Amino acid sequence: MQLEEYSEIKEKEEFFVNGGSKINHNINKIFAEIEKFKSEGTNFVFRGCSEAKYRLYNSAQRIYIQQELHKQVPSDSIAEHYRDFITELIKICRSWNNGVIERLLESTGIDPNNALAYLSYMQHFGVPTPLLDYSYNPYVALFFAIDGLVYKPSDKEIDNYFSFYYTFTNSTVFESWKYVFDENLKKVDITYEKIDENDMAILLPDEELYQIMNSVNIINQEGLFFYNNHPWYPLERTYKEYTDFLLKEWGQEKFDKLMTVRTFSGCYNIHKSLIPAIKEKLSEMGINKNHIYPDMADFRKSVTNNGILNSLTLEK
């Protein structure tokens with residue numbers, strides 16, 4: 001079963017501010033827009049996506065949909081089955097290699113019964129999770145959008161674009177998500193069943209509960225997660241279903257008064273022909289593979305060689 005994709009750029013207008021926008025030339029416009037976000041502090045977070053046609057599915061959804069795991073149960077049991085799928089992944093992660101990850105958590109002072117900690121670890125190492133990566137750093141997000149991307153011109157317009165998403169985290173909806181999420185969870189024995197009671201959440205790394213420092217990559221990537229528990233709705237649709245419900249329950253006046261926004265995020269669709277120029281600009285800023293993916297073999301060699309060099313007496 002294939003994942004749903006956008007067939008035309010204009011379809012994205014339903015879910016994203018500027019969803020139908022296209023940047024075809026002048027990369028200075030891209031970086032000028034980013035500078036506007038940076039000037040407003042840390043209230044925005046960002047995600048880069050290599051294809052404008054892709055919807056915001058997390059990795060667990062991708063596996064669940066593409067492997068057609070939902071066919072294992074009746075339609076009215078899919079939500080529960082999907083929750084059990086995630087629970088099983090966490091269980092296997094915890095027991096893997098004689099429980100080494102569980103012991104890692106314990107050794108760093110993290111409660112080994114904290115399902116969020118396992119999800120964070122799994123996310124960083126490519127195991128399917130209901131989490132979607134974002135970054136506080138817009139340039140890092142832009143790098144991820146084009147990393148390894150090769151432009152092959154297509155007669156289908158949307159195939160010629162990648163996307164850059166920006167989300168205002170201080171919106172009423174996000175604040176309420178975080179409040180409810182925090183209030184619903186205890187600081188110990190956080191089961192996935194308890195997490196699953198929340199449709200959505202934004203998980204910020206300034207909370208000890210949500211972070212696990214298992215790689216130097218995490219530092220430079222300046223990441224955070226969005227959580228989406230729906231088996232097949234991408235994040236932007238889960239959000240819209242939620243705000244449509246709020247609008248119906250509250251009415252337009254209260255909806256506007258509480259500054260609830262209808263769309264999950266904003267979006268710029270950028271033509272792939274601009275990739276070489278964007279890469280060069282990012283490289284000038286120090287945003288490259290060496291920064292995003294620190295090479296620990298190079299770390300060992302560099303520290304050792306420079307330590308030896310600095311210990312040599314080169315002058316008498």
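Is Phe37 buried or exposed? Some notes on that residue and the rings around it follow.

1. Start with Phe37, in what is a predicted model. Phe37 counts as buried because its relative accessible area is 9%, below the 20% cut-off for that label.

2. Now for the aromatic pairs: the structure has 23 of them. One is Phe37 with Phe44, a tilted pair whose centres sit 4.9 Å from each other, with 50° between the planes. Phe44 is buried too, at a relative accessible area of 12%.

3. Phe37 also pairs with Tyr166. This pair is tilted as well, at 4.5 Å centre to centre and with 35° between the planes. Have a look at where the two residues come from: Phe37 belongs to helix H1 (residues 27-39), while Tyr166 belongs to strand E5 (residues 161-168). They are 129 residues apart, so the pair links distant parts of the chain. Tyr166 has a relative accessible area of 10%, which makes it another buried residue.

4. If you zoom out a little, these rings belong to one aromatic cluster, whose members are Phe37, Phe44, Phe46, Phe164, Tyr166, Phe168 and Tyr268. It's a handy place to begin when you turn the model around on screen.

5. Two charged residues are worth finding as well. Arg55 lies over the face of Tyr6, 4.0 Å from the ring centre. Lys281 does likewise with Phe31, lying over the ring's face at 5.7 Å from its centre.

Conventions
Residues numbered from 1 in each chain as written. Predicted model: local features only at pLDDT ≥ 70, side-chain atom pairs only at ≥ 80, totals over all residues. Heavy atoms only, no water. Phe/Tyr/Trp six-rings, centres within 6.5 Å; stacked < 30°, edge-to-face > 60°. Buried < 20%, exposed > 50% of the residue type's maximum accessible area, 1.4 Å probe, protein only. Helix = DSSP H or I, 4+ residues; strand = E, 2+ residues; numbered from the N terminus. Lys NZ or Arg CZ within 6 Å of the ring centre and 35° of its normal.
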